[in-house]
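This note is addressed to a colleague who is meeting the structure for the first time. Please keep the sequence and the model at hand while reading the points below.

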Amino acid sequence: MEKKKIKVITYGTFDLFHQGHYRLLQRAKQLGDYLIVGITTEGYDKTRGKLGVVDSIMTRIENVKKTGFADEIIIEDSPGQKFSDVKKYNIDIFTVGSDWTGQFDYLKDYCKVVYLERTKDISSTMLREQKQHIQRIGIIGTGRIAGRFVPEAKLVSGVSTQGVYNPHKESALKFAEEWDINAYTDKEEFYRDIDVAYIASPHETHYEYIKEALAHGKHVICEKPLVLQRKQAEEVFAEAKEKGLLLFEGIKTAYCPGFQKLLGIACSGIIGTIRNVEACFTKLESPTSRELTDRRFGGSFRELGSYVMLPILKLYGTEYKKIEFDSIRDENGLDLFTRVSLRYATGIATATCGLGVKSEGRLLISGTLGYIIVEAPWWKTSYFEVHYEDAGRVDKYSEIFLGDGLRYEISDFVALLNHHEKNAFKLTRGESIALSGIMERFAEGEQLAKC
Ligand code: C2G
């Protein structure tokens, strides 16, 4: 009697086809006798939040076909499809890369589920052959935000998280193990293997890491606040420009579609001339947290100030006439709650933020014809309303905000890197420089307060 054919199925976008994809398909085929490859449609990728897909589905099908591993190619077009395909095609083994470990265990009742080791090193030789489409990102730092970055970057086409650097070997190894990427404690090795540095280390270390990465010829995405002094910001942006490198401040709100839509509506004239902006963001932190114990670089404004200042700088610009800070401080002298009052030629603004005081986290933009109200979490903008003198008239807007939102800044960064988009920076160097200057003014006020 003829031995039953072992049927294997796997799925993917296979965008900008690279060594990781090739090796996955090669090993998937070796698992059985017959391999079906499901290739995602653009529509499905959009719904699952995979951004920046460059190649058309026909190109992606062609690239998979060329490997010769696929016995059959199907289209993946909906979230529940894997489940029905396993039964429809009488599948014995479902397989996918180990970056999905655990995500498809629900199929175990219907077939064997195999997670194949993700290809960590996508070699530059392979990429050179492909004209370097895939940007290899190296993370500096192993904290909370770094942990959020990895799953978000996975959903952006054109990037591969190469590894993580931390001077403390055990921290680097632990993080790398958790996220299935390479660990680096040798900086030269780290910089050799990457194209982009993502800096997610403590605030006060950003400046040195940015300079170092630029010196190694690497593009940089740096978590907010970029740096804490205006002249440092001017220096690093000048250096990046001179080297033809991209330097990006990672304030995720600036890049998310909902916030972009909000700015468009606010500036469209529908609420008239903007005369007042109020932005508030509070997040209670434990008194033992880094943010509330680091006497030199902790406190609410350094942690949340970039968010609450963003809409003000975006709507009024960077040329404020006056700026004043007032803070409620704890026994460490750290600000538990800070209010920033700004006066512009055409309007006023108030930004409040707090790690030790809870308030209504909303964004209010008041104009001569109406106002826009965005409830918390406005910094992950997904819904807002426009109100007018006529209380019966309310315009409602909504926009998708997926996951932790870092994918939007990463996708923008890659698009600018690969020159796909000619659109302007959603957060300009002028705004980042102004933010660094505001951080410096805040610290000066802090020094005075301590005297
Ligand atoms: N892959 C890999 N090594 C890489 C990159 C990707 O082994 N360096 C694997 C992925 O784990 C996946 C396949 O190659 O099994 C295709 O990767 P993508 O095109 O990025 O597809 P993905 O977004 O992971 O979607 O329904 C689709 C599936 O969920 C996979």
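The points that follow concern the ligand, the residues around it and the pocket.

1. The model is predicted. The ligand occupies the space of the largest pocket. The elements that contribute two or more residues to the shell around the ligand are β1 (7–12), α1 (19–30) and β4 (93–97). Of the elements, α1 gives the most to this shell, namely three residues.

2. The ligand has 22 residues around it, and those that come nearest are F14, E76, K82, D99 and W100. By class, the shell around the ligand comprises eight nonpolar, eight polar and six charged residues.

3. Several polar atoms of the protein may be examined individually. A polar side-chain atom of D99 is 2.6 Å from an oxygen atom of the ligand, and a polar backbone atom of F14 is 2.7 Å from an oxygen atom of the ligand. At T119, a polar backbone atom lies 2.9 Å from a nitrogen atom of the ligand. The ligand taken alone exposes 610 Å², of which the protein buries 95%.

4. The largest pocket holds about 1,100 Å³ of space. It is lined by 45 residues, and K50, D99, W100, R118 and K154 are the closest to its centre. Two or more lining residues come from each of β1, α1, β4, α6 (144–154), β7 (159–165) and α7 (169–179).

5. Which classes of residue make up the lining of the largest pocket? The lining has 17 nonpolar, 15 polar and 13 charged residues.

Methods. Residues numbered from 1 in each chain as written. Predicted model: local features only at pLDDT ≥ 70, side-chain atom pairs only at ≥ 80, totals over all residues. Heavy atoms only, no water. Near = heavy atom within 4 Å. Polar contact = N/O pair within 3.5 Å; in protein donor to acceptor, adjacent residues only side chain to side chain. Areas by Shrake-Rupley, 256 points an atom, 1.4 Å probe, with all protein chains shown as cover. 1 Å grid on protein atoms, 1.4 Å probe; cavity = no way out; pocket = protein on both sides within 12 Å on 5 of 7 lines; lining within 4 Å. Sits in = over half its atoms within 2 Å of the grid points. Helix = DSSP H or I, 4+ residues; strand = E, 2+ residues; numbered from the N terminus. Nonpolar A, V, L, I, M, F, W, Y, C, P; charged D, E, K, R; others polar. Points joined across faces, edges and corners; volume = space filled by probe spheres on them.
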